[in-house]
Amino acid sequence: MTATLDALANAFVSMATPTMMFHVVWATLLGIFVGALPGLTATMGVALMTTLTYSLDRDAAVLVLICMYVGAIYGGSRSAILLNIPGTPASAATSLDGFPLAKQGKAGFAMGIATLGSALGTLVGIVLLVLIAPPLAQVALKFGSFEFFWLALFGIVISGQLTKAGHPAKGYLAGFIGLSVAMIGADGIHSHVRFNFGVTDMNGGIGLIPAMVGAFGFAEVLFTMSRPDATLVQPKPEKIDFGALWGRIWAYRRTVVQSGVIGTFIGIIPGVGEDIGAWASYAAAKQHSKERDQFGEGSCEGLTAAETGNSAVVPGSLIPSLTLGVPGSAAAAVLIAALYIHGIRPGPMIMIDQPTFIYSIAVMLTFATIAIGVFGLLLTPVFVQVLRVPRNYLMPIVFTMCVIGPFALTQRVFDIWVMFVFGIIGYVLRRLDYPMAPLVLGIILGDLLDKSLRRGLTLSNGSLEPFFTRPISAGFAVVIVVTVLFSFPAVRRWWAGLTRRGGNASGRA
């Protein structure tokens, strides 16, 4: 524990410079604005910002991206409360109680509750990041090709299952589309070119950043422009009582801790994301609340749970991203790509190659949390004005950034076409109600899955036995099979009936 505290103190001292604080201020503010404007997501913000941090040194670049990430997830609550349109998917649960509070003339109070909930949720996640990441990295050292194959498959399957409740087949299909895209280009073992369809520009594969910017950026532009304009709730002049805010949060302290822990562990599951963290926290809070009848009608506890849960996912998603190299969310996937650009290789060796980097990440998250707390409480009137920006002015600017960003990294016109194609694909999938997270996870994890499968088969002389007999591999295989089986309604009904019969039999006994 002393060594951990010393590492955190050293990281704090190295980060607490005027230049770094300047980066914290502008990046967090920009992130809040990005999250607040409907149509601009945290993933898109991080992806676009990645292309603009290439000239910064490593720590400054990572700090900017983390502040953008934290700020955007928090900023989505602004439009969710005032417009009833989540600025990001993570804020969908926030609108259930935030918008009713705004209609009651309590918009400022609702945004204050959301601010404190977001800050406290992130802090809970930071504590768990510091406690969980180092031992998880030690466990990850025991992973071989067999385990990484199942881990990659688990990430795609579980994200497909959880991000599209009720229609898991759509999640699975989106994930396997991403896997198919990852197979394009030279393989990672023998550099044999596959599926390039005669296009030499595809020999090196499909770039992650252009695909990500297209699927989340350009697709979002098309999707936003196809929706009708929203009506802004006109907030009444309202003096926010900070003492009452703290009192209300203190009354819900159990919900804050519970939602923070749920959000963090949801973040650890590869590819699930902030929206599931918010909904899971909201459902748990409603189940245990004494005022559950108020949920959906303007419940401060429901608002607190949703905002605490989605913000706690941010540090939680960085736990597998840093220690396993497997992203916990779509935005974390972009962050992994940025870390590679700046010379950092996430994975089991990170605690050996760069043992203090995780503590630097914790300090960066702390600075971003303080920034959203200060800006969220003091600049609410400014955020209200930002939401009035007409989309016909905003979306062309976003599209321009979507074009410039991928081109700036490689100076290849081909990457602009990749962005455009994935934007069209993403828009079509969105209209058909397919989730984007499994698609992106398929692209990210496809290379890991392919290399691990082929390397494992080489090590075992073509035998599949080690994939099922090694303890960790067997555990992943069982979890994946159970997850897929329980995605079918017939299996769930059979299990529910079996459980009821077992309960009745024990009761008679």
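Let me start with a pair of helices: H11 and helix H13, residues 300-323, pack at an angle of about 35°, with their axes 6 Å apart. H11 passes H13 in a right-handed crossing. What you have in front of you is a predicted model, so please hear every value in this talk as computed from that model.

Staying with this pair, the H11 side of the contact consists of Thr255, Val256, Ser259, Gly260, Gly263, Thr264, Ile266, Gly267 and Ile268. On the H13 side, the residues include Glu301, Thr304, Ala305, Thr308, Gly309 and Ala312. Further along H13, the list goes on with Val313, Gly316, Ser317, Ile319 and Pro320. By class, this contact of H11 with H13 has eight nonpolar residues, eleven polar and one charged.

Now the chain as a whole. The protein chain has 23 helices and two strands. Of its 509 residues, 57% are buried. If we take contacts between residues at least 6 apart in sequence, 78% of them join residues at least 24 apart.

Back to H11, and another of its partners. Helix H6, residues 107-140, packs with H11, residues 253-268, at an angle of about 55°, and the two axes are 9 Å apart. The angle is neither under 35 degrees nor in the range from 65 to 115, and H6 and H11 are therefore oblique to each other. The crossing of H6 past H11 is right-handed. From H6, the contact takes Leu120, Val124, Gly125, Leu128 and Ile132. From H11, it takes Val256, Gly260, Val261, Thr264, Phe265 and Ile268. Here the division is eight nonpolar, three polar and no charged.

One residue of that contact deserves a closer look. Where does glycine 125 sit? Glycine 125 is found in helix H6. Is glycine 125 buried or exposed? Its relative accessibility is 0%, so glycine 125 counts as buried. Leaving aside neighbours within four places in sequence, glycine 125 is in contact with Thr264, Ala312 and Pro315. There is also a C-alpha distance to report: glycine 125 and serine 317 are 192 residues apart along the chain, and their C-alpha atoms are separated by 9.3 Å.

Just past the end of H11 we come to isoleucine 269, in the loop between H11 and helix H12, residues 274-288. Isoleucine 269 has 23% relative accessibility and so counts as partly exposed. Its C-alpha atom and that of valine 313 are separated by 9.8 Å, while the two residues are 44 apart along the chain.

Next, a helix pair elsewhere. The axes of helix H1, residues 2-15, and helix H16, residues 357-378, come within 8 Å and cross at roughly 60°. That angle makes H1 oblique to H16. Here H1 passes H16 in a right-handed crossing. H1 contributes Thr4, Ala7, Leu8, Ala11, Phe12 and Met15 to the contact. H16 contributes Tyr359, Ser360, Ala362, Val363, Met364 and Phe367. The residues of the contact of H1 with H16 divide into ten nonpolar, two polar and no charged. A general point helps in reading such lists: an α-helix has 3.6 residues a turn, so residues three or four places apart point the same way.

Two single helices now. Helix H3, residues 42-50, is mostly covered, with nine of its nine residues buried. Those residues are Ala42, Thr43, Met44, Gly45, Val46, Ala47, Leu48, Met49 and Thr50. How far apart are the end C-alpha atoms of helix H8, residues 168-182? They are 21 Å apart, which agrees with the 21 Å that its 15 residues should span at 1.5 Å a residue. The buried residues in H8 are Pro168, Gly171, Tyr172, Ala174, Gly175, Gly178, Leu179, Val181 and Ala182.

Finally, two loop residues with a backbone feature to note. Phenylalanine 195 has a positive phi of about 55° although it is not a glycine. Phenylalanine 195 lies in the loop between strand S2, residues 193-194, and helix H9, residues 208-225. Aspartate 433 has a positive phi too, of about 70°, and is not a glycine either. The loop that holds aspartate 433 runs between helix H19, residues 413-431, and helix H20, residues 437-459. Is aspartate 433 buried or partly exposed? With a relative accessible area of 38%, aspartate 433 is partly exposed.

Technical notes: Residues are numbered from 1 along each chain as its sequence is written. This is a predicted model: local features need pLDDT of at least 70, side-chain atom pairs count only at pLDDT 80 or more; totals for chains, interfaces and linings use all residues. Side-chain values use heavy atoms; hydrogens and water are left out. Axes are lines fitted to C-alpha atoms, for helices over the stretch in contact, and angles run from 0 to 180 degrees between N-to-C directions. Helices (H or I, at least four residues) and strands (E, at least two) are DSSP runs, numbered from the N terminus. Angles under 35 degrees count as roughly parallel, over 145 as roughly antiparallel, 65 to 115 as roughly perpendicular and the rest as oblique. A crossing is left-handed if the near helix is turned anticlockwise from the far one by less than a right angle, and right-handed if clockwise. Contact means heavy atoms within 4.5 Å. Ala, Val, Leu, Ile, Met, Phe, Trp, Tyr, Cys and Pro count as nonpolar, Asp, Glu, Lys and Arg as charged, and the others, Gly among them, as polar. The expected span of a helix is 1.5 Å times one less than its number of residues. Buried means under 20% relative accessible area, exposed over 50%, partly exposed in between (1.4 Å probe, protein chains only).
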